[in-house]
Amino acid sequence: MKILSVNAGSSSLKFKLYEMPEEKGLISGVFEKIGLKDSFYTIKTDKEKIKKEVELKDHEAAFKILMEELMENGVISSLSEIKGIGHRIVQGGSYFDQSVEVTEDVIKKIKELSSLAPLHNPAAIVGIKAAQAVIPSARHVTVFDTAFHQTIEEENYLYAVPYNWYTDYKVRRYGAHGTSHKYVSLKMNEILGRYNTKLITCHIGNGASISAVVDGKCINTSMGLTPNAGLMMGTRCGDIDATIIPYIMEKLNLTPKEVDTFLNKESGLLGISGVSSDSRDIEDGINHGNKRCALAQKMFVKRIVDYIAKYYVEMEGCDGIVFTAGIGENSISTRREVLDSLKILGIEIDEEKNNTRGETICITTDNSSIPCYVIPTDEELMIARDTYNIVER
Ligand code: ADP
């Protein structure tokens with residue numbers, strides 16, 4: 001059965017088509033600058049990667065071209081072969097603790113949650129409507145980044161603010177990257193060969209979050225109401241003293257929107273280093289003796305270590321630590337620095353095994369108290385799995 005996994009942004013559309021239940025990726029790609037000048041798309045198959053420049057008026061136009069490409073590439077012979085389309089949704093609030101089939105009510109709730117994810121939820125609705133218009137015969141499923149975190153108890157998801165902020169305005173921790181945390185924790189359990197485990201999953205990319213997962217269920221996570229909480233990130237500040245915000249707004253005469261831009265786009269690795277939000281540039285800077293890059297990296301690592309230590313105590317132990325996403329999968333030095341700081345827990349890195357990028361591997365020695373793994377994440381596959389399971393039911 002063919003299942004299409006899609007991730008619609010305001011001007012982009014990422015996709016990957018799977019043969020399910022074999023979980024075989026057939027073709028993938030991305031449409032960019034939709035509705036803007038110079039729009040184009042790239043498509044990757046087993047054999048080749050192509051790029052075409054073409055006018056993409058809107059997401060519907062992108063889906064139409066995508067269907068033509070799938071037919072031209074011989075992966076489908078008619079649209080009806082695509083039985084399910086899974087749509088990634090960033091914010092599902094407290095409404096969704098699992099993936100669901102799209103209905104008018106589901107769309108209404110995603111729209112209602114737009115104030116919590118203004119860049120993402122409205123774009124996802126545009127993506128769903130466009131897909132429904134172009135491929136009406138398929139069943140459409142929504143997969144929420146927040147769903148995996150819905151098992152978190154209230155003492156962990158509430159902020160110590162007036163209670164009616166939660167009841168009246170939905171102010172609470174929702175988490176992020178749930179699909180990724182779920183994927184790598186499932187994979188880690190498979191590797192360990194058991195499911196009654198205590199895991200710490202570190203999704204460290206440009207955006208970054210850490211989760212504590214007990215017996216496959218998330219019990220805590222570092223992201224909050226929005227994806228600017230917990231860890232220091234590429235351009236986001238993560239946890240800060242909340243009163244910094246009114247203080248600096250007054251000092252610099254900033255509007256709420258302006259201060260939000262500083263905290264989301266000009267903080268983190270970029271804010272401290274003054275050089276870049278990209279961890280490769282930070283590593284380069286350090287190699288060239290740049291002190292602010294070294295400071296940024298020190299702070300970045302320290303916050304990861306803080307969260308791992310916190311969750312180790314909260315779970316009363318840990319059976320495995322997983323590193324995933326751009327930095328987790330690729331930054332040898334970040335992983336080394338994090339694990340070196342966790343020696344007190346009996347963790348022992350295997351330098352040779354850690355000297356790797358983008359593959360599933362155990363990076364600690366046999367003597368290490370906790371096995372630590374790199375597991376490349378696969379959010380598209382999780383979306384396809386959930387969609388297949390719903391369509392098959
Ligand atoms: P997001 O999905 O949040 O945009 P990614 O998971 O793609 O982010 O991660 C992007 C980050 O991964 C960037 O900071 C980049 O520096 C880092 N990264 C990618 N490749 C490497 C590498 N070889 N070494 C170090 N960092 C890397």
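**View A. Glu314 and its acidic surroundings.** With a relative accessibility of 32%, Glu314 counts as partly exposed in this predicted model. Glu314 belongs to helix 11, which spans residues 291-315. On the surface, Glu314 gathers with Glu153, Glu154 and Glu155 in a patch of negative charge. A residue needs over 30% relative accessible area and no salt bridge to be counted in such a patch, and the 32% of Glu314 therefore satisfies the accessibility part of that criterion.

**View B. The largest nonpolar core.** This core is made up of 37 residues, and those with the most contacts inside it are Ile200, Ile204, Ile210, Ile308 and Ile321. At least two core residues are supplied by each of strand 9 (198-204), strand 10 (208-214), helix 11, strand 12 (320-324), helix 13 (332-340) and strand 14 (372-374). Helix 11 gives the largest share, contributing 10 residues to this core.

**View C. A salt bridge along helix 11.** Lys302 and Asp306 form a salt bridge in which the closest N and O atoms are 3.8 Å apart. The two residues lie 4 positions apart in helix 11, so about one helical turn separates Lys302 from Asp306. Asp306 has a relative accessible area of 39% and is partly exposed.

**View D. A salt bridge along helix 1.** Glu60 is joined to Lys64 by a salt bridge, with a distance of 3.9 Å between the closest N and O atoms. Both residues are in helix 1 (residues 59-72), and because they are 4 residues apart, they are separated by about one helical turn. Glu60 counts as partly exposed at 31% relative accessibility, and Lys64 likewise counts as partly exposed, at 45%.

**View E. The pairing of Asp350 with Lys353, and a salt-bridge network.** The side chains of Asp350 and Lys353 meet in a salt bridge with an N to O distance of 3.8 Å. Asp350 is buried, its relative accessible area being 19%, a value that falls in this class because buried means under 20%. Its partner Lys353, by contrast, counts as partly exposed at 33% relative accessibility. Elsewhere, Lys2, Glu19 and Glu81 are joined into one network by salt bridges that share partners. The structure as a whole holds 15 salt bridges, among them the pairs Glu60 with Lys64, Lys302 with Asp306 and Asp350 with Lys353.

Definitions and conventions
Residues are numbered from 1 along each chain as its sequence is written. This is a predicted model: local features need pLDDT of at least 70, side-chain atom pairs count only at pLDDT 80 or more; totals for chains, interfaces and linings use all residues. Side-chain values use heavy atoms; hydrogens and water are left out. Patches are made of residues with over 30% relative accessible area and no salt bridge: like charges are joined within 9 Å, nonpolar side chains (Val, Leu, Ile, Met, Phe, Trp, Tyr) within 5 Å. Accessible areas come from the Shrake-Rupley method with a 1.4 Å probe; for residues, only the protein chains shown count as cover. A salt bridge is a side-chain nitrogen of Lys or Arg within 4 Å of a carboxyl oxygen of Asp or Glu. Lys and Arg count as positive and Asp and Glu as negative; His and the chain ends are not counted. The place of a charge is taken as NZ of Lys, CZ of Arg, CG of Asp or CD of Glu. Buried means under 20% relative accessible area, exposed over 50%, partly exposed in between (1.4 Å probe, protein chains only). A nonpolar core is a set of buried Ala, Val, Leu, Ile, Met, Phe, Trp, Tyr and Cys residues joined through side-chain atoms within 4.5 Å.
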